[in-house]
Amino acid sequence: MGKIKKALITGITGQDGSYLSELLLKKNYKVYGIVRRVALEDETHRLWRIKHLLNKIEIKSASLESYASIVKIIQQVRPDEIYHLGAQSFVAYSFEDEFSTLNTNINGTHYILSAIKDFSPKTKFYFAGSSEMFGKVQKSRQDENTRFYPRSAYGISKVAGFELTRNYREAYNIFACTGILFNHESPRRGFEFVTRKISSSVAKIKHGKQNYLYLGNINAKRDWGHARDYVKAMWLMLQQKKPLDFVIGTGKMHSVKDFAKLAFSTAGLNYKKYIRFNKKLLRPAEVETLRANYNKANKLLKWKPTVKFNQLVKEMVLEDIKFFK
Ligand code: NAP
Ligand code: GDD
């Protein structure tokens with residue numbers, strides 16, 4: 001039997017962290033997760049996505065704002081792979097607090113890369129990049145060569161993380177790569193993101209617990225896939241001979257309105273009766289459309305999405321109807 005691999009995940013309490021932990025456990029990894037102190041103190045609310053895994057993984061308390069705490073854990077664990085998923089990930093919030101978004105997302109990434117370089121240079125590193133880096137898109141389908149044009153502090157922080165990752169790869173020979181992931185959702189998605197906001201509202205309306213759903217720009221279009229497919233791509237990137245960056249998406253685009261229409265109809269409701277506009281939900285600078293060209297991942301990683309838009313919407317709505325009963 002080969003050596004058991006060790007993986008360290010930042011952001012393990014998030015949507016992707018939970019699916020990635022399940023995948024790595026299935027592959028017989030020893031899984032470690034970095035969790036903030038505040039989350040450990042409020043287990044019921046903050047650890048719900050990994051509750052079923054707590055006896056199989058090892059949780060370490062550390063902060064992405066503290067280089068010293070990151071170094072300590074990397075020295076203790078000496079992971080074969082680090083998946084850096086921890087971030088202030090809500091674009092709308094990044095307009096309210098640019099400072100904490102930039103601090104956590106840029107410094108957090110820098111601290112980990114620097115700690116790898118100085119204390120564990122053989123550790124492979126995955127950075128959670130984002131299609132928000134393309135922002136005001138310069139090409140109708142975005143691939144690894146499309147120019148970045150971020151439209152928020154969040155997008156800017158991810159471009160900085162991407163460049164840090166590239167530079168550590170080139171300057172210090174670290175196996176470091178970025179997955180440029182397009183929107184991916186699931187029944188574990190945070191309630192602030194539009195898909196889960198819609199599926200949870202549909203469920204509450206169905207059960208008579210809510211009257212209306214307030215939304216901002218329903219004409220925005222996204223390339224939505226399922227998170228379970230996307231964590232597989234993260235793992236594949238770290239199993240390649242060479243560290244490369246990859247765009248991961250479905251290549252299909254739908255509007256927020258399309259999502260809402262299908263979500264309501266899944267519950268036997270007509271969306272027109274329930275949707276209301278709230279201008280406070282508009283963003284100072286919007287990303288209007290995003291659509292992936294994932295040919296490189298398909299060719300080199302043999303990766304492709306398995307869950308279609310309709311299946312994703314239905315799964316989220318049906319799960320929320322059960323959840324809110
Ligand atoms: P998520 O559910 O919002 O999870 C974010 C994780 O980051 C949580 O574990 C959270 O911990 C942690 N975190 C937030 N602020 C932190 C801080 N100041 N210090 C330490 N940890 C902090 O996000 P996700 O959807 O799983 O996404 C994972 C990563 O992929 C993120 O970096 C996100 O930006 C990126 N991404 C996501 C998508 C997508 O569509 N889902 C697409 C492209 C890129 P707490 O539980 O303690 O808050
Ligand atoms: N959240 C939210 N709430 N978004 C709304 C609403 C609303 O009430 N009404 C309309 N929208 C629109 C937003 O303006 C945006 O154009 C779109 O719905 C999607 O918003 P979110 O679901 O909040 O996701 P996002 O695309 O901004 O960001 C997500 O995907 C990125 C990858 O492209 C996040 O997961 C990021 O972390 C990720 O990097």
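How many bridges join strand β1 to strand β2, and which way do the two run relative to each other? Keep that in mind as you go through these notes, and remember that you're looking at a predicted model.

1. Start with the pair in the question. Strand β1 covers residues 6-10 and strand β2 covers residues 30-35; five bridges join them, and they run parallel. To find the pairing on screen, pick alanine 7 and look across to its bridge partner in β2, valine 31.

2. Now follow the chain from β1 to β2. Helix α1 (residues 15-26) comes into play here: β1, α1 and β2 make a right-handed β-α-β unit. Try tracing that path yourself.

3. β1 has another partner too. Strand β4 (residues 81-84) is joined to β1 by four bridges, and these two strands run parallel. Here the residue to click on is isoleucine 9, whose bridge partner in β4 is tyrosine 83.

4. Is β1 mostly covered or mostly open? Mostly covered: four of its five residues are buried. While you're looking at a strand, here's a handy rule: in a regular strand the side chains alternate between the two faces of the sheet.

5. Next, have a look at helix α4, residues 67-77. Its buried residues are Ser69, Ile70, Val71, Ile73, Ile74 and Val77. A helix has 3.6 residues a turn, so residues three or four places apart point the same way. Check the numbers in that list with this in mind. What covers the buried residues of α4? The cover includes strands β1, β2, β3 (58-61) and β4, along with helix α6 (98-119). Right after α4 comes arginine 78, with a positive phi near 50 degrees.

6. On to the inside. The largest nonpolar core has 37 residues, and the ones that touch the most other members are Leu20, Leu24, Tyr83, Tyr126, Met237, Ile248 and Trp303. Elements giving two or more residues to this core include β1, α1, β2 and β5 (124-130), and also β6 (176-181), α9 (227-238), β11 (246-248) and α11 (295-301). The largest share, nine residues, comes from α9.

7. Leucine 20 is a good residue to zoom in on. Leaving out residues up to four places away in sequence, leucine 20 touches Ile9, Tyr83, Leu85, Val231 and Met234. Apart from the largest core lies another core, this one of 26 residues, with Ala203, Ile205, Phe309 and Val313 among them.

8. Don't skip ligand 1. There are 26 residues around it, and the closest are Thr13, Arg36, Leu85, Ser89 and Tyr154. Several backbone atoms also come up close to its oxygen atoms. A backbone N or O atom of histidine 184 lies 2.9 Å from an oxygen atom of ligand 1. For glycine 14, a polar backbone atom is 3.1 Å from a ligand oxygen, and for glycine 11 a backbone N or O atom is 3.3 Å from one.

9. Last, two asparagines with positive phi. Asparagine 28 has phi near 70 degrees and lies in the loop between α1 and β2. Asparagine 173 has phi near 65 degrees and belongs to the loop between α7 (153-172) and β6. Which one counts as exposed? That's asparagine 173, because its relative accessibility is 69% and the cut-off for exposed is over 50%. Asparagine 28, at 47%, therefore counts as partly exposed.

Notes: Residues are numbered from 1 along each chain as its sequence is written. Chains are lettered from A and ligands numbered from 1 in the order in which they are written. This is a predicted model: local features need pLDDT of at least 70, side-chain atom pairs count only at pLDDT 80 or more; totals for chains, interfaces and linings use all residues. Side-chain values use heavy atoms; hydrogens and water are left out. Buried means under 20% relative accessible area, exposed over 50%, partly exposed in between (1.4 Å probe, protein chains only). Two strands pair if DSSP finds at least two bridges between them. A crossover is right-handed if, with the strands pointing away from the viewer, the path from the first strand over the helix to the second runs clockwise. Contact means heavy atoms within 4.5 Å. A nonpolar core is a set of buried Ala, Val, Leu, Ile, Met, Phe, Trp, Tyr and Cys residues joined through side-chain atoms within 4.5 Å. A residue is near a molecule or strand if one of its heavy atoms lies within 4 Å of it. A polar contact is a pair of N or O atoms within 3.5 Å; within protein, one must be able to donate a hydrogen and the other to accept it, and residues adjacent in sequence count only if both atoms are side-chain atoms.
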